[in-house]
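Visitor: I've got a structure I'd like to walk through with you. Could we start with the rings and then look at some helix packing?

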Amino acid sequence: MPALDDNVIRDVEERLKKYLVATGGYNSVDFIDAGGSAAVFKVNRNDDIRAIKIFDPKFFVGNDNLAEKRRLLTQQKLIDHDCEHLIQTYYAGEIEDTAIVEMEFLSWPQLAKVLDQVPDDCVRVLIKQLVEAVRYLESLNIVHRDIKPENIHVSEDFKKIKLLDLGVIREFDNKNEDGITDNGHARPFLATAQYSSPEYLFRLDEPTEKLWRGLNIYQVGAVLHDLINKEPIFNEEMSVKNRWLVARAVLTKTPSFLDVNVNRLAREKALALRCLSKDLDTRISLVNWNDFYFDNTVDPLASLRNRLLQRSNSTQNNDNEKIIFERNSFIRGVSEKIRTELIDACGKQLPVVMPTTGDSHQINYFFSYENKCVIACSTQFVWGEELYGNRATVFIGARIEPLQKERHFQGMKMKPCLEVILNTDVDNVIKILSNDIVDYVMIGLDLIENEYGNTEMLTDIDLLKGDGKNEE
C-alpha cells in the first residue's frame with residue numbers, strides 16, 4: 001500500500017492540531033513519517049514529547065471499516081501496559097472523524113537502519129527482549145502480525161529494543177465480533193511479505209491461535225536471522241524489486257548463513273533455522289519461547305572435551321532413485337563428520353561407535369562409559385514429500401542403557417531438533433546436531449556420576465524426559 005499523499009497528510013495534521021487544542025494545547029507538531037493508512041507526528045506539550053499517529057479519515061467512515069475499529073479497540077487494551085520492550089500507548093480513540101493513537105516517543109533508530117552495526121554479543125539480549133514483548137502480547141491474546149526490523153527500535157548502545165507499530169494487531173480469535181474479519185470474506189494480506197510465514201502470506205490456513213503463534217515464531221526467527229547475518233532476510237530478492245521472487249523465496253527458499261566461521265553464533269543460527277521452517281506444524285513443534293533464553297552459553301563440544309580432559313515412473317523412478325541416493329549420501333556425509341567431531345572431543349575416555357540399524361535414515365552413536373554402561377544417542381531424518389521432498393525434520397533421542405544389551409531403539413523417545421534442506425548449510429547442520437548430541441551426553445554423564453553411582457543397576461533411562469527443552 002503506497003504512503004499517504006501530501007494532501008491527506010496536510011488534512012490529518014490539521015485534524016491533529018484541532019484535537020490537541022481541544023485537549024490542552026501544544027508547543028510544536030512535527031511530521032515524522034507516513035504509511036499507507038496513517039501519518040505519525042512528534043508532538044511537544046510543555047516538554048512532554050509524544051508520538052501521535054492519526055489515520056486517514058477514509059478508514060473510519062461508514063460501516064465498511066469495522067476491522068480498523070476493532071484493531072483500535074484492541075490497542076486500547078495496551079494503554080499503560082507494563083511491558084518494558086513494547087512501545088507505550090497513552091490514548092487510542094476515534095475523534096475528529098478519524099482515529100488517533102498517542103504513544104511514547106523514541107529517539108532510538110530503527111533496527112533496520114543499524115543491522116550491520118549490532119555487535120554479536122548483543123544478539124542474544126536483543127532477541128530475548130523481542131520475545132518478551134511478543135509473549136506479553138500473547139498473554140493478552142493479541143498478535144502483532146508485522147514484526148520486522150523496521151518496527152523495532154534499538155538503543156544506541158544496542159542493549160535495549162522496543163517493538164513498535166501496532167497498526168495491524170488483532171486478537172487471536174474473533175469472539176463476539178459477529179463475523180468481522182479483516183475485510184469481509186476476502187481475507188487480504190496484512191503485514192510485510194518479506195517477513196511473513198508461507199501459510200500466512202499465501203492465506204493457506206484459517207486465522208486461528210495456531211496460525212498466529214506460528215507467525216510469531218517465524219517473524220521473530222526472521223529478525224534473529226537479520227541480527228546474525230547483519231542484513232535483511234531475502235535481501236537478494238528484495239533488491240530486484242520483484243514481489244513474485246519474494247513470494248517464491250518465502251515459499252521455497254531456506255535462508256542460509258555463509259560465515260567462514262561456522263562456530264560464530266552457532267546456537268542462534270540453529271534456532272533461527274528452526275523458526276523459519278516452511279511448515280507450520282513442524283515450526284511449532286521445533287520451537288519453544290524458552291529456547292530464546294540461551295541458558296547454556298558454553299560451546300557443548302568444547303565443554304565435553306574439557307570435562308573429559310579433567311577426568312584425564314521410469315523417469316519418476318529415476319528421480320526417486322536419485323533423491324534417495326542424494327538423501328542417503330547427505331546423511332552419510334553429515335553423520336561421519338559428526339562422528340569425527342565426537343571422537344576428537346571424547347578420545348579414549350568416552351569411546352564412540354556408530355552402529356547401524358538397517359535404516360539408512362537413522363544414525364546412532366554409542367558412548368561407552370568405563371565398560372559399565374552406554375549413553376545411546378539416535379538421530380532420525382524424516383523427509384518431506386513433493387515440493388518439500390528435499391527437506392527433512394531431524395529427530396533426536398538419547399538414553400542410558402546397560403553395556404550388554406541387544407539394541408533395537410524401539411520405544412526411544414524422540415523429539416524434533418532441526419529442519420534441514422538437502423546439500424545446504426552442511427557445516428551448520430553438523431555443528432547443530434553435534435551440539436545437541438553433546439548436550440544429552442552431558443546430561444547422561446551427570447546422571448551416571450551424580451545420581452546413579454552404581455552403574456551395574458542401570459536400566460533404560462530416557463534422557464529427554466524432564467530436560468526442560470519442550471516446557472513452557
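Visitor: Which residues do ring pairs link into a cluster?

Guide: Keep in mind that this is a predicted model. Searching the whole structure turns up eight aromatic pairs. Some ring pairs join up into a cluster, and its members are Phe330, Phe381 and Trp383.

Visitor: How are the planes of tryptophan 289 and phenylalanine 292 arranged?

Guide: Both tryptophan 289 and phenylalanine 292 are buried. Their ring centres lie 5.6 Å apart, and planes under 30 degrees apart would count as stacked, over 60 as edge-to-face. The planes here are at 45°, so the pair is tilted.

Visitor: And what about the rings of phenylalanine 55 and phenylalanine 60, are they buried or exposed?

Guide: These two form an aromatic pair, 5.5 Å centre to centre, with 70° between the planes, which is edge-to-face. As for phenylalanine 55 and phenylalanine 60 themselves, both are buried.

Visitor: Which ring does the charged end of arginine 50 sit over?

Guide: Here a charge meets a ring. The charged end of arginine 50 is 4.0 Å from the ring's centre, and the ring belongs to tyrosine 90.

Visitor: On to helices: how many residues of the contact of α5 with α8 are nonpolar?

Guide: The axes of α5 (residues 209-229) and α8 (residues 266-275) come within 8 Å and cross at roughly 145°, and the crossing is left-handed. On the α5 side the contact includes Ile217, Leu224 and Ile228, while α8 brings in Leu271 and Ala272, among others. Two of the contact residues are polar and two are charged, and the nonpolar ones number seven.

Technical notes:
Residues are numbered from 1 along each chain as its sequence is written. This is a predicted model: local features need pLDDT of at least 70, side-chain atom pairs count only at pLDDT 80 or more; totals for chains, interfaces and linings use all residues. Side-chain values use heavy atoms; hydrogens and water are left out. Rings of Phe, Tyr and Trp (its six-membered ring) pair if their centres lie within 6.5 Å; planes under 30 degrees apart count as stacked, over 60 as edge-to-face and the rest as tilted. Buried means under 20% relative accessible area, exposed over 50%, partly exposed in between (1.4 Å probe, protein chains only). A charge sits over a ring if NZ of Lys or CZ of Arg is within 6 Å of the ring centre and within 35 degrees of the ring normal. Axes are lines fitted to C-alpha atoms, for helices over the stretch in contact, and angles run from 0 to 180 degrees between N-to-C directions. Helices (H or I, at least four residues) and strands (E, at least two) are DSSP runs, numbered from the N terminus. A crossing is left-handed if the near helix is turned anticlockwise from the far one by less than a right angle, and right-handed if clockwise. Contact means heavy atoms within 4.5 Å. Ala, Val, Leu, Ile, Met, Phe, Trp, Tyr, Cys and Pro count as nonpolar, Asp, Glu, Lys and Arg as charged, and the others, Gly among them, as polar.
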